[in-house]
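Dear colleague,

I am handing over the structure we spoke about, and below it I have set down what was found in it, going from one part to the next. Please keep it open while you read.

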Amino acid sequence: MTDNVSHSAPPSDSEPVELPPELSLLPLRNSVLFPGSIIPIDVGRPKSVRLIEEAIANERPIIGIVAQKEARVENPSRDDLFSVGCAARILKVIKLAKDNYSVILQGVARIQLDELVAEEPFLQARVTEIPDIHVDRAESEALVLNIKDTAKRLIALVPELPREAAALIDSVSDPSQVADLVISNLDIETSEKQDVLESNHVNERLRQVLTLLTRQLEILKVRERINSQVQEEMGHSQREYVLRQQLKAIKGELGEIDEDGGDVEEFDRRIKEAKMPEEAERAARKQLDRLKSMQPSSAEYTVTRTYLEWLTDLPWSISTEDQLEIQTVRDVLNEDHYDLEKVKKRILEYMAVLKLNASKKGPILCLLGPPGVGKTSLGKSIARAIGRKFVRISLGGVRDEAEIRGHRRTYVGSLPGRIVQGLKKAGTNNPVIMLDEIDKLGHDFRGDPGAALLEVLDPEQNHTFSDHYLEVTFDLSRVMFIATANYLDPIPPALKDRLEILELPGYTRQEKLAIARRFLLPKQISEHGLLDHSVEVTFADEALLELIDSYTHEAGVRNLEREISSVIRGIAVKVVEGEVGKQIAVVRDDIPGYLGPQKYLSEMAERTAEPGVATGLAWTPVGGEIMFVEATHMPGKGGLMLTGQLGDVMKESAQAAMSYVKSRHAQLGIEHSQIEGHDIHVHVPAGGIPKDGPSAGVAMFSAIVSLLTKTCILPDVAMTGEITLRGLVLPVGGIKEKMLAAHRAGIKHIVLPERNAKDVVDVPEEIREEMQISYVKNVNEVLDKVLDRGSSEQASKPAESAD
């Protein structure tokens, strides 16, 4: 506990006191006691308390007071104390609480610490009294007069000091007492007071006191002069402040008080710092001038204030520095995503051009592909790779044009559109903005948001993009826009024309295996806490392939990640229950135990070598699919029946195939009675799923010919292509997705229109090597490739080898 000190006046007369050779020592912090001074101190340290209690009990009124060199030392030793102190008489002791006293002391004489004789229960030392040395009485009197005069001037500059202090100084005549009285009341450092205490030469002591007193007086004079200057300079400001405070009080009485107080000044500062274009700053200043004259309680005040907040919060001049090192960008993209080389190549091209031409406008990309192939995550990866902020704007189900352009301020609760909101959220004017699910935009009586995007996504126009709420232009040319879509058909042609389409087809079996091994497994193991508990989980390739083939049926990897997560959760249960150790290896036979029986059987099991059954290929928004076409006949009048929820285009393909068969039945080896006396029924299984498009024409033709010639179609062959009434095979779309689906289904031989050969380049090389690809121009070539001639009694010609 700190011994707090306050000084009081010395008595006018003090009788000499005979000191014992040994004194109990009371260390004092942050102060020095002088002979003749009376001070109160609080005693709380254990040793100090024991000293006071022993002095009271044994009636020892004289103790030694010594200042500590360092106030923070709690239990001082001899080295922590100064060698000169003051003997003091205990005048009064007041017990404040247990182990806490207030003691009033009076200094009686200077003492020299000769030797410490005891440290317990408190400090005790052998001491010698230090007598005063008087040399030149005349000099002493002169110094005393100077000290008294200086002290009176100092007292006059300190209003807090009582006026009786000057009379007290005049009442003391002894030079030594004058020095001790003045120094004990000066607010100076403890070390400076200690230097005066240690001086036993009276004249020297008086000179020290006069120096310190004069210094204190000069400090007070300078302070007074500074205060006068400040007061003079602040006269006008103070008057203005007082008037403003009075105005504020009046407004408070009228109920018009502005809670924020500094709106105008704050917005003025923010407008300067925003570095807006001239047009925007002019609009902001105009609204700020209006704000000054409005009542804060009015509704218009809140509207204007909100508008100014939006204007000043937008990143007009703030941009992030692009990462222009091509190798670094490539490494980040490869770290986050497997394959997708076409998209990565386009991003690297853009960064290379940006490095050569910093003013290059941002590209407008559209990532097109089935769900789960990594479109959205690729946008985040692109932003991370080039060092920009990422903002995702979901457009699915957006029907109101104001969602893009914002509402006009005349509406209650109006706000800027999502583009401006995204820029504010990003905090920079060159972020990567992902327009997610752009193909899911709707439109109704409130407007067409797709039309509003035309300006946003046009590099020639978006440098002057105008939001209805802001009513000033904002430059979007530095923004990189990345749209995502599952299919192109719903996107309006004008909007589609502004997009650079980058297709992300589905993954092959081996690509899914690599993605699961590199990305999905480590992510799920970490998210489920197994890594934190040092549990090592390994999956055999056969186990992952079983998940891919028998538990998922997709172009992407979203469901694969979901199934891996289910397996990891099952492992987590076993780890918590103590059924398994720290190392777990998952093999193929373990999968059903975690996920149950297989969800998808291979289509190979569904294919049978039976006349009238053909395997076609279809494109869907979620990737390619194989499609079976079944044909049968029954007695009738030569009619054609179609089932399987077929669309108009697919029905017309079946009718075209039937017409060609009827017109060429002799060349095809089909008896006329087989056609005229029978009705043909063509069915496409999975009747609950709508199907449409011309690409099943070849498969329908082959199924009908197979049925009527009683010739089986080779079971490992799949085909696609549109047919005409002249028997030509026309090109179709989605070749890569269809070939991926055929590969997943175990197809070994695929028949394509000859004009689709250029599309096969995009198919992964491993699939091209594993599959036999035949290109055909007309349906006769198709029959040569797909019919198993050995299964027919009508034809003995062996099947030709495919090209």
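In this predicted model, strand S2 (residues 38-43) pairs with strand S5 (residues 100-118) in the antiparallel sense, over six bridges, and one place to find this pairing is at Asp42, whose bridge partner in S5 is Ser102. S5 is also joined to strand S4 (residues 84-97), by twelve bridges and again with the strands running antiparallel; here Arg89 has Gln106 in S5 as its bridge partner. S4 and S5 make a hairpin with two residues between the strands, and in that hairpin Asp99 takes a positive phi near 60°.

Strand S6 (residues 124-129) is another antiparallel partner of S5, with six bridges between them, and Gln112 stands opposite Thr128 in S6. These two strands form a hairpin as well, with five residues between them. Pro121 lies in the loop between S5 and S6, and the peptide bond that leads from Glu120 to Pro121 is cis, with omega near 0°. As background to such details, most residues other than glycine have a negative phi, and most peptide bonds are trans.

The S5 and S6 pair is also linked through side chains, for Arg126 forms a salt bridge with Glu115, in which the closest N and O atoms are 2.6 Å apart. Because Arg126 lies in strand S6 and Glu115 in strand S5, this salt bridge ties together parts that are eleven residues apart in sequence. Arg126 is partly exposed, with a relative accessible area of 34%, and Glu115 is partly exposed too, at 43%.

A search of the whole structure finds 44 salt bridges, and a few of the others deserve a look. Glu74 and Arg29 meet through their side chains in a salt bridge of 3.3 Å, N to O. Since Glu74 lies in the loop between strand S3 (62-67) and S4, and Arg29 in the loop between strand S1 (22-28) and S2, the pair ties together parts that are 45 residues apart in sequence. Glu74 is partly exposed, with a relative accessible area of 46%, whereas Arg29 is buried, with a relative accessible area of 5%.

In helix H8 (residues 263-274), Glu273 and Arg269 lie four residues apart, which is about one turn of the helix, and their side chains meet in a salt bridge of 2.9 Å, N to O. Arg269 is partly exposed, with a relative accessible area of 35%. Elsewhere, Arg110, Asp132, Asp180 and Arg205 are joined into one network by salt bridges that share partners.

Further along the chain there is a parallel sheet to examine. Five strands form this open sheet, in the order S8-S9-S12-S7-S13, and their pairing is parallel. Strand S8 (390-394) and strand S13 (500-503) stand at the edges with a single partner strand each, so one side of each is left without a neighbour in the sheet. From one strand to the next, the twist averages 25°. Within the sheet, strand S9 (residues 432-436) is joined to strand S12 (residues 480-485) by four bridges, and Ile433 stands opposite Phe481 in S12. Helix H13 (residues 375-386) packs on the sheet, where it touches strand S7 (364-368), S8, S9 and S12, and the direction of H13 makes about 175° with that of S9.

The loop between S9 and helix H16 (449-456) holds Glu437, a residue that has a positive phi of about 55° although it is not a glycine. At 25% relative accessibility, Glu437 counts as partly exposed. Lys710, found in the loop between helix H24 (697-709) and strand S20 (717-719), likewise has a positive phi, near 55°, in a residue other than glycine.

Two more places remain. On the surface, Val222, Ile226 and Val230 form a nonpolar patch, with about 200 Å² of accessible area together; Val222 lies in helix H6 (residues 202-233) and, at 34% relative accessibility, counts as partly exposed. Arg305, in helix H10 (residues 299-313), is partly exposed at 22% relative accessibility, and the C-alpha atoms of Arg305 and Asn185 are separated by 58 Å, with the two positions 120 residues apart along the chain numbering.

With kind regards

Key:
Residues are numbered from 1 along each chain as its sequence is written. This is a predicted model: local features need pLDDT of at least 70, side-chain atom pairs count only at pLDDT 80 or more; totals for chains, interfaces and linings use all residues. Side-chain values use heavy atoms; hydrogens and water are left out. Two strands pair if DSSP finds at least two bridges between them. Axes are lines fitted to C-alpha atoms, for helices over the stretch in contact, and angles run from 0 to 180 degrees between N-to-C directions. Contact means heavy atoms within 4.5 Å. Patches are made of residues with over 30% relative accessible area and no salt bridge: like charges are joined within 9 Å, nonpolar side chains (Val, Leu, Ile, Met, Phe, Trp, Tyr) within 5 Å. Accessible areas come from the Shrake-Rupley method with a 1.4 Å probe; for residues, only the protein chains shown count as cover. A salt bridge is a side-chain nitrogen of Lys or Arg within 4 Å of a carboxyl oxygen of Asp or Glu. Buried means under 20% relative accessible area, exposed over 50%, partly exposed in between (1.4 Å probe, protein chains only).
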